[in-house]
Amino acid sequence: MTEQPSAPDGPLIPMPALTPAALRAAVAQIAPAQLPSFVEHLDRAVEQAAAQSTIAPLRTFLQWWGEFVAIQRYELPRVS
């Protein structure tokens, strides 16, 4: 993960690198209920990339989950 200082009003975690492993770790930390969706989306992106002989589905996956993490890392935990 890239280093960024965490202030009281800052993000819950630093912004991770846009790699599947770093994003998976971030999702596990800030939105663990979304891990099944993450894995399903990654599997679908890999299959599409192989079928289409292009990395576009993987780039879309990384962008989508990167944006998800970028937003969620600033969300306050919800009290039940």
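In this report, helices are DSSP runs of at least four residues, numbered from the N terminus. With that in hand we can place a residue: His41 sits in helix H2. Keep in mind throughout that the structure is a predicted model.

## The overall plan

Let us begin with the whole chain. The protein chain contains 3 helices and 0 strands, and reading from the N terminus its elements follow the order α-α-α. The chain has 80 residues, of which 28% count as buried. Contacts can also be sorted by how far apart the partners lie in sequence. Among contacts with a separation of 6 or more, 50% come from residues 24 or more positions apart.

## How the helices meet

Here are the three pairs of helices, with the approach and crossing angle of their axes.

| Pair of helices | Axes come within | Axes cross at |
|---|---|---|
| H1 and H2 | 9 Å | roughly 160 degrees |
| H2 and H3 | 8 Å | roughly 155 degrees |
| H1 and H3 | 10 Å | roughly 35 degrees |

Take H1 and H2 to start with. Helix H1 covers residues 20-30 and helix H2 covers residues 35-52, and their axes cross at roughly 160 degrees. Because of that angle, H1 is roughly antiparallel to H2. The crossing in which H1 passes H2 is right-handed. On the H1 side, the contact is made by Pro20, Leu23, Arg24, Val27 and Ala28, while H2 brings Leu35, Phe38, Val39 and Leu42. Sorted by character, the residues of this contact are 8 nonpolar, no polar and 1 charged.

Next come H2 and H3, whose axes cross at roughly 155 degrees. That angle makes H2 roughly antiparallel to H3. From H2, the contact involves Ser37, Phe38, His41, Leu42, Ala45, Val46, Gln48, Ala49 and Gln52. Their partners in H3 are Pro57, Leu58, Phe61, Trp64 and Trp65. This group divides into 10 nonpolar, 4 polar and no charged residues.

What is the handedness of the crossing in which H1 passes H3? The crossing is left-handed. In this contact, Pro20, Leu23, Ala26, Val27 and Ile30 of H1 meet Leu62, Trp65, Gly66, Phe68, Val69 and Gln72 of H3. The residues of the contact of H1 with H3 split into 9 nonpolar, 2 polar and no charged.

## A closer look at H2

Now let us return to His41 in helix H2. Is His41 buried or exposed? Its relative accessible area is 17%, so His41 is buried, the cut-off being under 20%. Leaving aside neighbours within four places in sequence, His41 is in contact with Phe61, Trp64 and Trp65. His41 is also one of the H2 residues that make the contact with H3.

Val39 also has its place in helix H2. With 31% relative accessibility, Val39 counts as partly exposed. Val39 and Arg24 are 15 residues apart along the chain, and their C-alpha atoms are separated by 8.3 Å. Both residues appear in the contact of H1 with H2, Arg24 from H1 and Val39 from H2.

## The loop between H2 and H3

Moving along, we reach Ser53, which lies in the loop between H2 and H3. What sign does the phi angle of Ser53 have? The phi of Ser53 is positive, about 50 degrees, although Ser53 is not a glycine. Ser53 has a relative accessible area of 68%, so this residue is exposed.

## Outside the helices

Two more residues take us to segments beyond the helices. Met15 is found in the segment before H1, and Arg73 lies in the segment after helix H3, which covers residues 56-72. How many residues apart in sequence are Met15 and Arg73? They are 58 residues apart in sequence, yet 7.9 Å apart in space, C-alpha to C-alpha.

Both are buried: Met15 has 15% relative accessibility, and Arg73 has a relative accessible area of 6%. Which residue has its backbone oxygen 2.8 Å from a polar atom of the side chain of Arg73? The residue is Ile13.

Key
Residues are numbered from 1 along each chain as its sequence is written. This is a predicted model: local features need pLDDT of at least 70, side-chain atom pairs count only at pLDDT 80 or more; totals for chains, interfaces and linings use all residues. Side-chain values use heavy atoms; hydrogens and water are left out. Axes are lines fitted to C-alpha atoms, for helices over the stretch in contact, and angles run from 0 to 180 degrees between N-to-C directions. Helices (H or I, at least four residues) and strands (E, at least two) are DSSP runs, numbered from the N terminus. Angles under 35 degrees count as roughly parallel, over 145 as roughly antiparallel, 65 to 115 as roughly perpendicular and the rest as oblique. A crossing is left-handed if the near helix is turned anticlockwise from the far one by less than a right angle, and right-handed if clockwise. Contact means heavy atoms within 4.5 Å. Ala, Val, Leu, Ile, Met, Phe, Trp, Tyr, Cys and Pro count as nonpolar, Asp, Glu, Lys and Arg as charged, and the others, Gly among them, as polar. Buried means under 20% relative accessible area, exposed over 50%, partly exposed in between (1.4 Å probe, protein chains only). A polar contact is a pair of N or O atoms within 3.5 Å; within protein, one must be able to donate a hydrogen and the other to accept it, and residues adjacent in sequence count only if both atoms are side-chain atoms.
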